[in-house]
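Work through the exercises below with the sequence and the model open. Try each task before reading its solution.

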Amino acid sequence: MEDEWTPQLIALPDIARRDLPMIWDADFMLGPPDADGTDRYVLGEINVSSVFPIPDEAPTEIARRVADRLRSKL
């Protein structure tokens, strides 16, 4: 996700990574296999409104990153 899908996601509509929602996730479905039989996945949906941060330490890190982002925009 971090190495392939996210860079493609921000490149297509030309969105800066810092402008993505702070909390979001994506759901993938098993797609048709490659010619050699390797599993492939297709993007099913991107969620930004009903995402639950996991693990328990995540809310503290999210709050820190939001604060950093807000400070950088001042």
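**Exercises on a predicted model**

A polar contact of 3.2 Å links the side chain of N47 to that of D27. The model is predicted, and the exercises start from this contact.

**Exercise 1.** Place N47 in the fold, decide whether N47 is buried or exposed, and list its side-chain polar contacts.

*Solution.*
1. N47 belongs to strand β2, which covers residues 41-47.
2. The relative accessibility of N47 is 16%, and buried means under 20%, so N47 counts as buried.
3. Besides the 3.2 Å contact with D27, the side chain of N47 makes a polar contact of 2.7 Å with the side chain of D25.
4. With neighbours within four places in sequence set aside, the residues in contact with N47 are W24, D25 and D27.

**Exercise 2.** Find the aromatic pairing in the structure and classify its geometry.

*Solution.*
1. Searching the whole structure gives one aromatic pair.
2. The pair consists of W5 and F28, whose ring centres are 4.7 Å apart.
3. Their planes meet at 65°, and over 60 degrees counts as edge-to-face, so that is the class of this pair.
4. W5 sits in helix α1 and F28 in strand β1, so the pair ties together parts 23 residues apart in sequence.
5. Both partners count as partly exposed: W5 has a relative accessibility of 28%, and F28 has 30%.

**Exercise 3.** Is T6 buried or exposed, and which residues is T6 in contact with beyond its neighbours within four places in sequence?

*Solution.*
1. T6 is located in helix α1.
2. Its relative accessibility is 1%, so T6 counts as buried.
3. Leaving out neighbours within four places in sequence, T6 is in contact with M1, R17, L20 and W24.
4. W24 is also among the contacts of N47.

**Exercise 4.** Describe the backbone and surroundings of D14.

*Solution.*
1. D14 is found in the loop between α1 (5-11) and β1 (25-30).
2. Its phi is positive, about 60°, although D14 is not a glycine.
3. D14 has a relative accessibility of 68%, and exposed means over 50%, so D14 counts as exposed.

**Exercise 5.** What is the mean pLDDT of the protein, and where is confidence lowest and highest?

*Solution.*
1. The mean pLDDT is 86, and 100% of the residues reach 70 or more.
2. Confidence is lowest in α1, with a mean of 84, and highest in β1, at 90.
3. The aromatic pair of Exercise 2 has W5 in helix α1 and F28 in strand β1.

How values were computed
Residues are numbered from 1 along each chain as its sequence is written. This is a predicted model: local features need pLDDT of at least 70, side-chain atom pairs count only at pLDDT 80 or more; totals for chains, interfaces and linings use all residues. Side-chain values use heavy atoms; hydrogens and water are left out. Helices (H or I, at least four residues) and strands (E, at least two) are DSSP runs, numbered from the N terminus. Buried means under 20% relative accessible area, exposed over 50%, partly exposed in between (1.4 Å probe, protein chains only). A polar contact is a pair of N or O atoms within 3.5 Å; within protein, one must be able to donate a hydrogen and the other to accept it, and residues adjacent in sequence count only if both atoms are side-chain atoms. Contact means heavy atoms within 4.5 Å. Rings of Phe, Tyr and Trp (its six-membered ring) pair if their centres lie within 6.5 Å; planes under 30 degrees apart count as stacked, over 60 as edge-to-face and the rest as tilted. pLDDT is the predictor's confidence in each residue, from 0 to 100.
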